[in-house]
Amino acid sequence: MRTQKTRVAIALAMSFGLTLSSLGIASAAKIPNKTLKASTLVQISYPSLFKLPKSGCARIPVRYQISKLELDESYFTVVITDDEDRTVGESTWYGASAEASTKAMPKSGTLQIKVCRDAWFDSIEEVDYAPTYKGTYDIYLSATGSRSADASARMKFSD
């Protein structure tokens, strides 16, 4: 009898736990992505709200799709800036170089934009990045090649 009650209690607890975990997944899935287009050259899709870690750094996934931006001698950059116009993160897609020493990156994929709670220095690119806090930030998309186009929008960070 006691074993039967224990089994029922475990089954109920597991059902309750599964229900709660599926609600958590559903609420995370409700955060919509925004799309930003630089004319007909390239478009990106990024989360409209990104949850920052309590400390350290995180990478924001930004999906991209090249449309009419040629692959030779072109690039596009995605930059996130704060209200003081300081860069908090950026990532760049590169096309093929004229010497053919560099192949173009894929026409669609995901860029990762690193943002950190504390200011940091990228020694490879030699760029200083500002710290990221809860709030609203500007996101810029700039495509450059034989034709160029820019676009901007806003995104939010939460704790």
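Which residue forms a salt bridge with Arg 154? Asp 138 does, and the closest N and O atoms of the two are 2.7 Å apart. I come back to this pair in point 6, after some notes on the rest of the chain. Please keep in mind that this is a predicted model.

1. **Overall make-up.** The protein chain has 1 helix and 11 strands. The order is easy to remember: reading from the N terminus, the helix comes at the start and the strands follow, as α-β-β-β-β-β-β-β-β-β-β-β. Of the chain's 159 residues, 34% count as buried.

2. **Contacts and surface.** Take the contacts between residues at least 6 apart in sequence: 56% of them join residues at least 24 apart. The accessible surface of the protein chain comes to about 10000 Å², and carbon and sulfur atoms account for 55% of that surface.

3. **The disulfide.** The structure holds 1 disulfide. This link joins Cys 57 to Cys 116, with an S to S distance of 1.9 Å. Cys 57 sits in strand β4 and Cys 116 in strand β7 (residues 108–116), so the bond links distant parts of the chain, 59 residues apart. If you check the torsion, you should find 100 degrees about the S-S bond, which makes the link of Cys 57 and Cys 116 right-handed. As for cover, Cys 57 counts as partly exposed because its relative accessibility is 43%, whereas Cys 116 counts as buried because its value is 3%.

4. **Salt bridges around Arg 86.** There are 4 salt bridges in the structure. Asp 82, Glu 84 and Arg 86 are linked in a network of them. Within that network, Asp 82 pairs with Arg 86, the closest N and O atoms being 2.7 Å apart. Glu 84 also pairs with Arg 86, and here the closest N and O atoms are 3.8 Å apart. For anyone setting a distance filter, the cut-off used for a salt bridge is 4 Å, so the 3.8 Å pair of Glu 84 and Arg 86 is included.

5. **How the network is covered.** Are Asp 82 and Glu 84 buried or exposed? Asp 82 is buried, with a relative accessible area of 5%. Glu 84, on the other hand, counts as exposed at 56% relative accessibility. Their partner Arg 86 counts as partly exposed, at 36%. The three members of the network therefore fall into three classes: buried for Asp 82, partly exposed for Arg 86 and exposed for Glu 84.

6. **Back to Arg 154 and Asp 138.** The salt bridge of the opening question has its closest N and O atoms 2.7 Å apart. Arg 154 lies in strand β11 (residues 149–158) and Asp 138 in strand β10 (residues 135–144), so this pair ties together parts that are 16 residues apart in sequence. Arg 154 counts as partly exposed, with 43% relative accessibility. Asp 138 counts as buried at 19%; buried means under 20%, so a small change in the computed area could matter for a label that rests on 19%.

7. **Thr 77 and its neighbours.** Thr 77 lies in strand β5 (residues 75–81). This threonine is buried, with a relative accessible area of 13%. Its side chain makes a polar contact with the side chain of Thr 92, at 3.2 Å. Leaving aside residues up to four places away in sequence, Thr 77 touches Glu 90, Ser 91, Thr 92, Tyr 140, Leu 141 and Ser 142.

8. **Two backbone angles to look at.** Most residues other than glycine have a negative phi. Which angles do Glu 73 and Asp 85 show? Phi of Glu 73 is near 55 degrees, a positive value, and Asp 85 has a positive phi of about 65 degrees. Glu 73 is placed in the loop between β4 (57–66) and β5, while Asp 85 lies in the loop between β5 and β6 (87–94). Glu 73 counts as partly exposed at 48% relative accessibility. Asp 85 counts as exposed, at 56%.

Definitions and conventions:
Residues numbered from 1 in each chain as written. Predicted model: local features only at pLDDT ≥ 70, side-chain atom pairs only at ≥ 80, totals over all residues. Heavy atoms only, no water. Helix = DSSP H or I, 4+ residues; strand = E, 2+ residues; numbered from the N terminus. Buried < 20%, exposed > 50% of the residue type's maximum accessible area, 1.4 Å probe, protein only. Polar contact = N/O pair within 3.5 Å; in protein donor to acceptor, adjacent residues only side chain to side chain. Contact = heavy atoms within 4.5 Å. Salt bridge = Lys/Arg side-chain N within 4 Å of Asp/Glu carboxyl O. Areas by Shrake-Rupley, 256 points an atom, 1.4 Å probe, with all protein chains shown as cover. Disulfide = S-S within 2.5 Å.
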